[in-house]
Amino acid sequence: MVIAKAWALKNHFDGFPKTSDFDLKKIELPNLKDGELLLESVFLSVDPYMRPYSRRDMKEGDIMIGTQVARVVESKNPAFMVGAFVVASRGWRTHFISDGNDLQLLPSTWPESLPKSLALGTIGMPGLTAYFGLLEVCKMKPGETVLVNAAAGAVGSVVGQLAKIGGCKVVGCAGSDDKVAYLKKIGFDEAFNYKTVKSLDEALRKASPDGYDCFFDNVGGEFASVAINQMKKYGRIAVCGAISQYNGSVPQKGPYVQLPMIFKELQMEGFIVSRWKNRREEGLQALLKWVMEGKVKCHEQVTEGFENMPAAFIGMLKGENLGKAVVKV
């Protein structure tokens, strides 16, 4: 008999999440039936989307949503061998039972030398978000200038590197000098610390005096309001996230986007990566190839211990991570 540990949402978040908003539960798992398999989580993901989605999709007492890389421990399903690694979306839990329908095996071409945790980051959902957001929403073209905020995060850091592969000039901003140094190291043409510049408007103008063709927005709020006025004619804006607004208890008010959108004939489109789920394999293979060729570099912020899931989540929302935040069980 296996006792699983799981983190439940004790209280809906009011403003910034607190450790007291979570509750650690123990769940006794039944014996396997034919066709089922038992899995143990090896790495778990903490991501910004969990903050707004918890309010929309969860009740108090539910297990926290999220994805993991898990290993098959016991199997009564011929499609999954013991020892195989999969990506699952079973929330913050150490062990779980599946019939296999909700599992995705790691690509067969995954090299032994590559950390399997990357299946939660650069070669997983965040990487696919960057890939499809740039190619399908921003529709970047060689020679264009791409702006990305939260650029040292799991998605933003991949956006910048894919834009460079695509022949673009890339401008990124982040919230610390260490992060800015990292962006320069991985090939961003221009990068600045938005917390220390005197004027965001001036910093953006200095980084690209001619303006921006593409803006990959992970932040929203004031940053987006300033950046939209520096878009070039027919510019494209991919609205991926709005982390500046996730933890507020009072809704933000304007400025409003209509005038710059009309005058510059901009396209602004929100998107969720699952739109391209039928092309998942294409995206993963491209990302895996670029990582193996050294064209896309990965940085992970690894927190040890399942008991530290809430702290890792809160730290990620505060911007304490460089690259992808994961928890190693």
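Here are some questions and answers about the predicted model above.

It is a predicted model, in which local features need pLDDT of at least 70, side-chain atom pairs count only at pLDDT 80 or more, and totals for chains, interfaces and linings use all residues. Residues are numbered from 1 along each chain as its sequence is written, and side-chain values use heavy atoms, with hydrogens and water left out.

Q: Which element supplies the largest share of the largest nonpolar core?
A: A nonpolar core is a set of buried Ala, Val, Leu, Ile, Met, Phe, Trp, Tyr and Cys residues joined through side-chain atoms within 4.5 Å; buried means under 20% relative accessible area, exposed over 50%, and partly exposed in between, with a 1.4 Å probe and protein chains only. The core here has 52 residues, and I123, L134, L162, L183 and F216 touch the most other members. Elements giving at least two residues each include β3 (37–45), α3 (156–165) and α4 (177–185), where helices (H or I, at least four residues) and strands (E, at least two) are DSSP runs numbered from the N terminus. The largest share, seven residues, comes from α2.

Q: Why do the buried residues of α4 line one face of the helix?
A: The buried residues of α4 are K179, V180, Y182 and L183. Taking the directions from the helix axis to the C-beta atoms, these buried residues line one face because they fall within an arc of 160 degrees.

Q: Which elements do the buried residues of α4 pack against?
A: On the other side of this helix, D177, D178 and K185 are exposed. With contact meaning heavy atoms within 4.5 Å, L183 touches G172, C173 and F188, among others beyond four places in sequence. The buried residues of α4 pack against α3, β9 and β10 (190–193).

Q: How far is the sulfur of C138 from the closest cysteine sulfur?
A: A disulfide is a pair of cysteine sulfur atoms within 2.5 Å, and the count by this rule is zero. C138 is buried, at 0% relative accessibility. Its closest partner sulfur, in C214, is too far for a bond, at 4.5 Å.

Q: Which residue in β6 stands opposite L37?
A: Two strands pair if DSSP finds at least two bridges between them; β3 and β6 run antiparallel, joined by four bridges. In β6 (residues 95–98), H95 and I97 point one way and F96 and S98 the other, and all are buried. The residue opposite L37 is S98.
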